Amino acid sequence: MSRNLIFNNALVLRVRPFGEANREAAFLTAEEGVVNAAVFGGPKSKLRAAVSPFHQGVLYLYYNPVKDSRKAVDFDVKIWRPGLRENFGRAMAAGAVSGTVSATHAGGGDWSRSLELASDSLSALETADEGACARIFVHFLWNWLDLIGEKPSLSHCAVCGLTLENGAVFSPWERALVCPACGDNTRSAVSLVLGPGAYRWLSVTENLPPSQLGRWSLDAVSLAQARTVVTGMMALVMGKRLNIWDF
Ligand SMILES: [Zn+2]
């Protein structure tokens, strides 16, 4: 195995303390999914400043086969995303995106698509206002469900086969969307209803890039419904609910 590794497009997902003065960073890469590497250097180190959450660029790693460890040698940042630090809501939404990527091991397969979705969502968040942050996050999570093969069909009721048009209910037992009539018969204690506004918004925006979400408005009630259903689905898939989703 080569000792020097280059990842042409690496996104910093998180950085945490490691040892006394050093850090460990997790990167999302198209080649290997999540890649962890030690980042040596004190507070004034150029490398340490470059390896910050949401920065994206060319990553140079050294692999030590004896210790089976990797350390970052250089990180040539191409996208800085300073706008994510200017606003609390954007930072929280960005953390929810990167935390979901980490917790699901980058989606587990098509890593170039994982990287594209995470990267596009973070770039859209850079200029987003409060309401747009939540919409971009819900859109990200819905598409992330698709990426991991868990996105339910929006077109037909999973129980009776009726075409869904004006809303749906998520059934945890079916792990699918059902029509309102079949939804009345589910034994769900939690209300996982997608009203007409939330249902239509998911349908028209699911294939749009995150940067174009501003073209479709969504009222507060519908946004809350979409958010409850989409985070509920993801919690079911993961077997736990991440508190970073509740920003
Ligand atoms: Zn039905």
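Reader: Which residue forms a salt bridge with Arg175, and how far apart are the closest N and O atoms?
Author: This is a predicted model. In it, Arg175 pairs with an acidic partner by a salt bridge. That partner is Glu150, and the closest N and O atoms are apart by 3.7 Å.

Reader: How many residues apart in sequence are the parts that Arg175 and Glu150 tie together?
Author: Arg175 sits in the loop between strand 6 and strand 7. Glu150 sits in the loop between helix 4 and strand 6. The pair therefore ties together parts whose separation in sequence, in residues, is 25.

Reader: Is Glu150 buried, partly exposed or exposed?
Author: Buried means under 20% relative accessible area, and exposed means over 50%. Glu150 has 31%. Its salt-bridge partner Arg175 has 41% and counts as partly exposed. Glu150 falls in that class too, so the answer is partly exposed.

Reader: Which side chain meets Asp146 in a salt bridge?
Author: The N to O distance of this salt bridge is 3.0 Å. Asp146 lies in helix 4 and its partner in helix 3 (residues 111-125), so the pair ties together parts that are 33 residues apart in sequence. The partner is Arg113.

Reader: Asp76 and Lys78 form a salt bridge. What does Lys78 count as in accessibility?
Author: The closest N and O atoms of Asp76 and Lys78 are 3.1 Å apart. Asp76, at 33% relative accessibility, counts as partly exposed. Lys78 has a value of 54%, and the cut-off for the top class is over 50%. Lys78 therefore counts as exposed.

Reader: How many salt bridges does a search of the whole structure find?
Author: The pairs discussed here include Asp76 with Lys78 and Asp146 with Arg113. The search of the whole structure gives a total of 8.

Reader: Which residues coordinate the zinc ion?
Author: The donors are SG atoms at 2.3 to 2.4 Å. In sequence they are spaced C-x2-C-x18-C-x2-C. The residues are Cys157, Cys160, Cys179 and Cys182.

Reader: What is the geometry of the zinc ion's site?
Author: The ion has 4 donor atoms, with angles of 103 to 117 degrees among them. Four donors fit this class if all angles lie between 85 and 135 degrees. The site is therefore tetrahedral.

Reader: Where do Cys157 and Cys179 lie, and how many residues apart in sequence are the parts they tie together?
Author: Both residues are buried. Cys157 lies in the loop between helix 4 (130-147) and strand 6 (168-171). Cys179 lies in the loop between strand 7 (176-178) and helix 5 (180-184). The pair thus ties together parts whose separation in residues is 22.

Reader: In the open sheet of 3 strands, which strands stand at the edges?
Author: The order is 7-6-8, with antiparallel pairing. In it, 2 bridges join strand 6 to strand 8, and Ala168 stands opposite Leu194. Each edge strand has a single partner, so one side of each lacks a neighbour in the sheet: these are strand 7 and strand 8 (193-194).

Reader: In strand 5, what is the bridge partner of Leu59?
Author: Strand 4 (residues 56-64) and strand 5 pair antiparallel over 9 bridges. They form a hairpin with 4 residues between them, and Asp68 in the turn has a positive phi of about 50 degrees. Across the pair, Leu59 is matched with Phe75.

Reader: What accessible area does the nonpolar surface patch of Ile6, Tyr60 and Val73 have together?
Author: Val73 has its place in strand 5 (residues 69-79). At 47% relative accessibility, Val73 counts as partly exposed. Together with Ile6 and Tyr60, the patch has an accessible area of about 260 Å².

Terms used
Residues numbered from 1 in each chain as written. Predicted model: local features only at pLDDT ≥ 70, side-chain atom pairs only at ≥ 80, totals over all residues. Heavy atoms only, no water. Donors = N, O, S within 2.8 Å, 3.2 Å for Na, K, Ca; no water. Tetrahedral: all angles 85-135°; square planar, octahedral: opposite > 155°, others 65-115°. Buried < 20%, exposed > 50% of the residue type's maximum accessible area, 1.4 Å probe, protein only. Pairing = 2+ DSSP bridges. Patch = residues over 30% accessible without salt bridge, like charges linked within 9 Å, V, L, I, M, F, W, Y side chains within 5 Å. Areas by Shrake-Rupley, 256 points an atom, 1.4 Å probe, with all protein chains shown as cover. Salt bridge = Lys/Arg side-chain N within 4 Å of Asp/Glu carboxyl O.
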